[in-house]
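Good morning. I will take the two chains in turn, then a few single residues. Please have the model open.

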Amino acid sequence: MENNENKKGGTDRRKFLKLGLLSSVTAVAGTSLVSNLATDEESKTSGEKIRLLTPDGKMVEVDADNINKYPEALITPEESRKGIPNRKFVMVIDLAKCKNARKCVESCQKAHKLDHHEEFMKVQLIQNNEEGSPYWFPKPCFHCDEPPCVTVCPTGATFKRDDGIVLIDNDRCIGCKFCITSCPYSARQFNWGHKDKFDDKSQPYSPETSVPAAEGTVMKCDFCPDLLRQGELPHCAKSCPMGVIYFGDKNEDIVTNGEETVRFSQLINDRGGYRHLEHLGTKPNVYYLPATNRQFPLERGFGDDEEINERYKNVPYVQELKKQGKI
Amino acid sequence: MNLNNRKRELVKEFSPMLEKTSLVSKIWIGFLIAIILVGLYAFILQVIKGHEVTGMRDNVVWGVYIINFIFFVCISYSGAFISGILHFLKTPLKNSVSRIIEIITVLSIVIGPVFILLCIGRLDRLHYLFLYPRIQSPITWDIIAIITDLFGCFIYLYLTFIPDLAILRDNDNLKVPNWRKKLYKFLAMNYQDTPTQRERLHKITKTMSTMVIALAIVAYTVLAWIFSLTLQPGWNSTIFAPYFIIAGLYSGVGVIIIAMYLIRKYFKLEKYLVQSHFTWAGLVLLVIALLYAYFTFSEYFSKWFSHKIHDTDLLNTLFTRYFWQFIFANYIGVIVPLVILFVKKFRTIKAITFASVVAVLGLWLNRYLIVVPTLETPYLPIQDTRPEYIYYSATWVEWALSLTGVAAFFLFFLLIIKFVPIIPISGIIDNERDELEKDENLNKNLTE
């Protein structure tokens, strides 16, 4: 952790923001973010001109007011298949820091308009063996490079993009659920019944936001490409109070958790990064740093929500704790 | 000519089946339609309310629907396989069962795929399979295999119908409505049973029967691959394709025996379906039961012996939560038929049929144990508090629709054998013609 190289690379999220400025759409949306930060929400005064790079490479001046209306830069299902140019997104989850604060889960649910039990990001309690100490294990979709879900999809509703992200186009999905059975990480969920939120068309559907979901189709963690286009981190990484989740670009070899920016390769090398169930050959793009030198005792992860605590009742360690009356 | 009289005789013999619907039949048909109506209601409910009305949830995303799908489709494949092989055998016994098998084949390939449609969340988008096909997906392979098989089996069934349809068309004494006579005429395609026509039809049927065997093997394999090409611990097995072939034959032969029994009893065809039919079918079932036991044992034994962690989890589930189901499916479902069929003394028609019923039920349960427990023990343990997300149990909607499948199978069967004689008349005639020719040859030789 205390690595000079890392420090040299690490300043803040701005650095990561810069990464995103290459692509044209990102440029537009990115500026909007900057302008959002610069001006108050109330005072959207026009007159201020901003220079932008158009998709065909021309420099134009646009009224700042107009830009603010653009962040919803809707990426249609067709466009969403392409991916953000020259990117190879990667996530690193530092298990040593996770204390099951569940902020990643909650912010993800809020952003994707998910209900209580619908979780794109799940926090599991894993105990590798009887002697091994259990640890909290945040589990998003692994966006595999050899995704079994994509191979088996009969209509191409789920697809792998050039930037490494695996998305679902729920306009295309026929709901055969083959992808769910073929995913070894249980990353996918099905919309079993109709919900009112599916009818909310105030936000046009994009596979990049996964909103609104649709009945009879599959959904899962999408790595928040809408935020990535704006040069922001995914919701889970942004909201984690412990900085557990690093996100970045493998091409640039940089990942950040919003507080520190580090070299991806070095982080993996120095901390013994691994991928879950590597032997399956799915080549995930989510790496884990082992839960060594834990910053918090595991028990801190048990909160007030009995329902959440109850989920882990089958873990041997939890049964042991219960026996001792500690929880 | 002698044979023409014989044709008339036979039509007269079978005409009660074709002309009248007995009271018992009517009650049966009414009962079956009632089940189907309940199923229809369940289906409408599922369409309106979504898959929420089923017991399927995020972990067990496939339930009894897909089990019924495998079950029916496997019966069809094995029917195709067996009738294809029967066509090459020269035994007078085969004539009485060939049509039963062919009807089973076609009906189950029609009903089976309906169950896979019930698994699909968005039936309104079904055409996307053809609009945006991806040939990499095993589902696409399966669709191609099933559609090809469906056409193949239909053509095969039709080819075997033609001579009988011609006989029915030529018989004026048959008291059936006019539309049916017209239909016989149309479907018989001007077949006059001339030697050249007979030769040609025989050649085509022979080619088709070879193709149907090949089709069945391909279709079985692709079906098994839907499971074995995934990474799931209980499914990712190299022997799944041959295992599915054997398992399919096991249930297929079982269903054929049950059908023979019911038809024999119900239509009083003791003259045509005799003890040796059951004995021979029982012996085939015995051989397949041995193979099936061997495959089942290999499959689970290697998992148990090498005890990879996720295999062990699966076996633990099978031997705790599914203990009795496992015992019934893989012990009783194999051992009882084996004992009955192995001991000569036990090989009565009733006992053989009982063995078949046990075999078929055991096999259905065996399929259940392949699908459901595997999905309940994923690589990452299920950590959830909602019981329906941890364990699967089918709802009444699923059972109603499953029963509907069975009811539809019986109903269609009854309707088909009202339309065409269940024992191929042309086959009896062919046999008798062969006998006559043999006699003539014999006489010739003697006089010379």
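I start with a definition: helices (H or I, at least four residues) and strands (E, at least two) are DSSP runs, numbered from the N terminus. This is a predicted model, so local features need pLDDT of at least 70, side-chain atom pairs count only at pLDDT 80 or more, and totals for chains, interfaces and linings use all residues. Residues are numbered from 1 along each chain as its sequence is written, while chains are lettered from A and ligands numbered from 1 in the order in which they are written.

Chain A, then. It has 13 helices and 13 strands. Of its 327 residues, 47% are buried. A residue is buried if 20 or more other C-beta atoms lie within 10 Å of its own, exposed if 12 or fewer, and partly exposed in between, with C-beta atoms placed from the backbone. For contacts, the criterion is that the C-beta atoms of two residues, placed from the backbone, lie within 7 Å. Among the contacts in chain A between residues at least 6 apart in sequence, 64% join residues at least 24 apart.

Three loop positions in chain A deserve a look. A:Phe223 lies in the loop between β9 and α9 (225–229) of chain A. A:Phe223 is not a glycine, yet its phi is positive, about 65°. Is A:Phe223 buried or exposed? A:Phe223 is buried, with 27 other C-beta atoms within 10 Å.

A:Asn86 is another non-glycine residue with a positive phi, about 60°. A:Asn86 sits in the loop between α5 (77–80) and β3 (89–94) of chain A. With 13 C-beta neighbours inside 10 Å, A:Asn86 counts as partly exposed.

The third is A:Pro212, in the loop between β8 and β9 (218–219) of chain A. The peptide bond joining A:Val211 and A:Pro212 is cis, with omega about -10°.

Next, the interface. How many residues of chain A are in contact with chain B? There are 39 from chain A, in contact with 36 residues of chain B. On the chain A side, the elements giving two or more residues are β4 (122–126), α7 (148–152), α8 (178–182), β8 (189–190) and α12 (306–310). The largest share of that side, four residues, comes from α8(A). By type, the side of chain A that touches chain B divides into 17 nonpolar, 15 polar and seven charged residues. In this count Ala, Val, Leu, Ile, Met, Phe, Trp, Tyr, Cys and Pro are nonpolar, Asp, Glu, Lys and Arg are charged, and the others, Gly among them, are polar.

Now chain B. Chain B has 16 helices and zero strands. Its radius of gyration, taken over C-alpha atoms, is 24 Å. The globule rule, 2.2 Å times the number of residues to the power 0.38, gives 22 Å for 448 residues, which is close, so chain B is as compact as a globular protein of that length. The C-alpha trace of chain B spans about 85 × 50 × 45 Å along its principal axes. Buried residues make up 43% of chain B.

Chain B is divided into domain 1 (1–121 + 151–213 + 396–429) and domain 2 (232–378), with bounds from an automatic or database domain assignment. The domain centres, taken over C-alpha atoms, are 24 Å apart. The contact takes 25 residues from domain 1 and 27 residues from domain 2 of chain B. On the domain 1 side, α3 (64–88) and α4 (94–118) of chain B each supply at least two residues. α3(B) gives the largest share, eleven residues. That domain 1 side divides into 20 nonpolar, five polar and no charged residues.

Last, helix α9 of chain B. 21 of the 27 residues of α9(B) are buried. The expected span of a helix is 1.5 Å times one less than its number of residues; for α9(B) that gives 39 Å, and the end C-alpha atoms are 38 Å apart, which agrees. B:Gly254 is in this helix, and B:Gly254 is buried, with 29 other C-beta atoms within 10 Å. Leaving aside neighbours within four places in sequence, B:Gly254 is in contact with B:Leu285, B:Ser356, B:Ala359 and B:Val360. After α9(B) comes B:Lys268, whose phi is positive, near 55°.
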